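Visitor: I'd love a close look at one part of this structure, please. What should I look at, and what lies around it?

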Amino acid sequence: MVSRVLNVAAAQVGAVDRDASKEDTVRRMVALLEDAISQGVQLVVFPETTFTTFFPRFLFDDPAELEKYFEQGHDITNNDGVKQLFETARRGKVDLYVGYAERADDGRGFNTCIYYSGHAGRTLSKYRKIHLPGTRDPFPDPEAINQLEKRYFEPGNLGFNAFRAPGLVPDASKKGTNAKASIGNGDPIMGMMICNDRRWPEAWRVYGLQGVELVLVGYNTPYNAPHLFGFRKPMSVEQAEKEAYYHHKLVMEANSYMNACFSISAARAGFDDGKYDLIGGSAVVSPNGYTIAQAKGIGDELVVAKIDLDDCKQGKETTFAFERHRRTEAYGLITWQTGVVEPELLEPDAP
Ligand code: CDT
C-alpha cells in the first residue's frame, strides 16, 4: 500500500499596502515558503492576488497605474519580481498555488491562480476565477468599500478542471494506475478556486464529480463593507467581522464534507493601508468537515497540517458515493436556469 500522507500548508499573507513594492511582498512570500520547506511541507497555498494589494477596491483613472497590479503574459513564472518564488519552489521541491491578476496576451484581464510543481519544475494547471463578486461601477457613496472585479476581470473561461499532481506522493504514479485509478490510488487529485467561488456549491460539485481529494482556495474577504454585503439588519463592525469568519468556515467545512475532500484556504489578511480590513482564518479542513488547522492571527503565518488522502475514501464510498445516490434527472434547473423563478401565487380558496 502506498502511503498517501501529505504535509500541506496555507501561507497566509498579512497587510499589503497600495504602494507596497512587489519585490518586498515576494520576499515575504519566499520567507514563508522557505519556512514551509524547512518543516518538510510538500504543498503551500498562497492567497488570491497575492503579489499586490487587493486593488479592485480602487477606481483607477490612469490605465498605466492599473497595469502595475497585473502580471503580463501566459506564463508568469519567469517574470521579473516574482520568479524568485518559483525558483525557491524548484530548489525546495515544493508545490504551490498562487493567485495573481493576469493580463493575457490578447489584453484580457483575469483573476487567476496557478498550480506550480516544484517537483516537475513547471506549471501543472491554471484556473481563472468564475464567480466575480461586486460591481462594475463604484457605489455612489464615497465612503463605500468597492469591489470592482466585474470592471477589471472577465469571468474565467477555463472551467473547473481537476488535475493530478505527480511527485507529491512517492511511488503513486509508478503503479501505473493514474489512467484508471480507483478512489485512493494514484497521484492526488486537485481542484482550484478563487475566493468568492468557495461560496458556490456548484463549483465544489463539479470538482467532486472528478473525484477531487484536495481543493485549494486563496481569498481576500473584507468584513466592514455593508454596501457589498447588504444593509438588511443593523450590525456593528465586530458582528460583521464575526459573520465574515463564520461564513468562511461554514462554506469550507460544509463543501469539504459534501464532496468528501480536504481543502486548504489561504487569506490575504490584515489592514491594507492601515484601514482596509480583510479577515484571516486560513485553514485546512478534513473530508469529514472538520477544521484541523487554522491561522491564529491576521499577519504572515504558515498554517501546517498533515493529511492522509485516504481519509477521503469513507465519504466517497458511502454517504457521497455519487454513482449510487445522485439523481441527475431531478437537477435540471441547476444548469439551465441562472436566476430565481418563484412559483406562482395560488388563488385563495373560494369561500
Ligand atoms: N475577493 C473576493 O471574491 N471577495 C469576496 C467578497 C464578498 S463580495 C460580496 C468573497 O466572497 O469573500
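**Around the ligand**

Guide: In this predicted model, a polar side-chain atom of Asn-196 lies 2.8 Å from an oxygen atom of the ligand, within the 3.5 Å allowed between N or O atoms in a polar contact. Thr-221 also has a polar side-chain atom by a ligand oxygen, here at 2.6 Å. Turn to a nitrogen atom of the ligand, and you will find an N or O atom from the side chain of Glu-149 at 3.3 Å. On its own the ligand has 360 Å² of accessible area (Shrake-Rupley, 1.4 Å probe), and the protein covers 93% of that area.

Now widen the view to the whole shell. There are 14 residues around the ligand, each with a heavy atom within 4 Å. Asn-196 and Thr-221 are among those that come nearest, together with Lys-129, Cys-195 and Arg-199. By class, five residues of the shell are nonpolar, four are polar and five are charged; Cys counts as nonpolar, and Lys and Arg as charged.

For another setting, look at Val-44, in strand 2, which spans residues 43-45. Val-44 counts as buried because its relative accessibility is 0%, where buried means under 20%. Beyond its neighbours within four places in sequence, Val-44 is in contact (heavy atoms within 4.5 Å) with residues including Ala-9, Leu-33, Val-94 and Tyr-97. Asp-80 is 36 residues away along the chain, and its C-alpha atom is 21 Å from that of Val-44.

Numbering starts from 1 along each chain, and side-chain values use heavy atoms, without hydrogens or water. Local features need pLDDT of at least 70 and side-chain atom pairs 80 or more, while totals for chains, interfaces and linings use all residues.

Key: A polar contact is a pair of N or O atoms within 3.5 Å; within protein, one must be able to donate a hydrogen and the other to accept it, and residues adjacent in sequence count only if both atoms are side-chain atoms. Helices (H or I, at least four residues) and strands (E, at least two) are DSSP runs, numbered from the N terminus. Buried means under 20% relative accessible area, exposed over 50%, partly exposed in between (1.4 Å probe, protein chains only).
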